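Thank you for making the time this morning. I would like to walk you through one structure, starting with a sheet and then moving outward to the whole chain.

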Amino acid sequence: MSISRYTYLCRFDVLEEGVPQRFEAEGVPVSLVLTGDEVFAIHDVCSHSAVSLSEGEVEGCTVECWLHGSRFDLRSGKPLDPPATQPVPVYPVRVEDGSVYVEVVPRGGR
Ligand code: FES
């Protein structure tokens, strides 16, 4: 598998279950979330107002924005509750040899 389009973000073992962490990939703010045995990457700016989703709470496969409470699906970036109506970009993740890489070409989102 080629990872040439992916940007290295961190070692897998720095991730904590259910605790979002903010990184930058090619200048793009990305929140990484480990939940279950999957790692998700979501743009680290809420689509409702410019606050960091990595300061929100993770529940299952969602992250809740701390400011007004919209939850976003980590797989699709879609908002599940108001007031947000627009999705947030999500990015493909690869974990190889204990390292986490993200491709900052968005999948879904704006
Ligand atoms: S800023 Fe995120 S829901 Fe309002």
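**A sheet, a pair of rings, and the overall fold**

Let me begin with the open sheet, in which 4 strands are arranged in the order β2-β3-β4-β8, with antiparallel pairing. The strands at the edges are β2, residues 21–25, and β8, residues 90–91, and each of them has a single partner strand, so one side of each is left without a neighbour in the sheet. I should say straight away that what you see is a predicted model, and that everything I describe is computed from it.

Now let us follow the sheet from the β2 edge inward. Strand β3, which covers residues 28–35, runs antiparallel to β2 and is joined to it by 5 bridges, and within this pairing Arg22 stands opposite Ser31 of β3. The two strands form a hairpin with 2 residues between them, and in that turn Glu26 has a positive phi of about 55 degrees.

On its other pairing, β3 meets β4, residues 38–43, again in the antiparallel sense, this time over 6 bridges. Here Ser31 stands opposite Ile42 in β4, so to speak of Ser31 is to speak of a residue with Arg22 opposite it in one pairing and Ile42 opposite it in the other. β3 and β4 also form a hairpin, with 2 residues between them, and Gly36 in that turn has a positive phi of about 65 degrees.

How many of the residues of β3 are buried? The count is 8 of 8, so the strand is largely enclosed by the rest of the structure. In a regular strand, side chains alternate between the two faces of the sheet. For β3 both faces are covered, since Val28, Val30, Leu32 and Leu34 are buried on one side, while Pro29, Ser31, Val33 and Thr35 are buried on the other.

Let me turn next to the aromatic side chains, where the structure holds 1 aromatic pair. The ring centres of Tyr8 and Tyr101 are 5.8 Å apart and their planes stand at 70 degrees, so the pair is edge-to-face. Tyr8 belongs to strand β1, residues 7–11, and Tyr101 to strand β10, residues 99–102, so the pair ties together parts that are 93 residues apart in sequence. Tyr8 counts as partly exposed, at 42% relative accessibility, whereas Tyr101 is buried, with a relative accessible area of 15%.

Finally, we can step back to the protein as a whole, which has 0 helices and 10 strands. Its radius of gyration is 13 Å, close to the 13 Å that the globule rule gives for 110 residues, so the protein is as compact as a globular protein of that length. Along the principal axes, the C-alpha atoms fill a box of roughly 40 × 25 × 20 Å.

Of the 110 residues, 46% are buried, and the protein exposes about 5,800 Å², with carbon and sulfur atoms supplying 47% of that area. Among contacts with a separation of 6 or more, 38% come from residues 24 or more positions apart.

Technical notes. Residues numbered from 1 in each chain as written. Predicted model: local features only at pLDDT ≥ 70, side-chain atom pairs only at ≥ 80, totals over all residues. Heavy atoms only, no water. Pairing = 2+ DSSP bridges. Phe/Tyr/Trp six-rings, centres within 6.5 Å; stacked < 30°, edge-to-face > 60°. Buried < 20%, exposed > 50% of the residue type's maximum accessible area, 1.4 Å probe, protein only. Rg over C-alpha atoms; globule rule 2.2 N^0.38 Å. Contact = heavy atoms within 4.5 Å. Areas by Shrake-Rupley, 256 points an atom, 1.4 Å probe, with all protein chains shown as cover.
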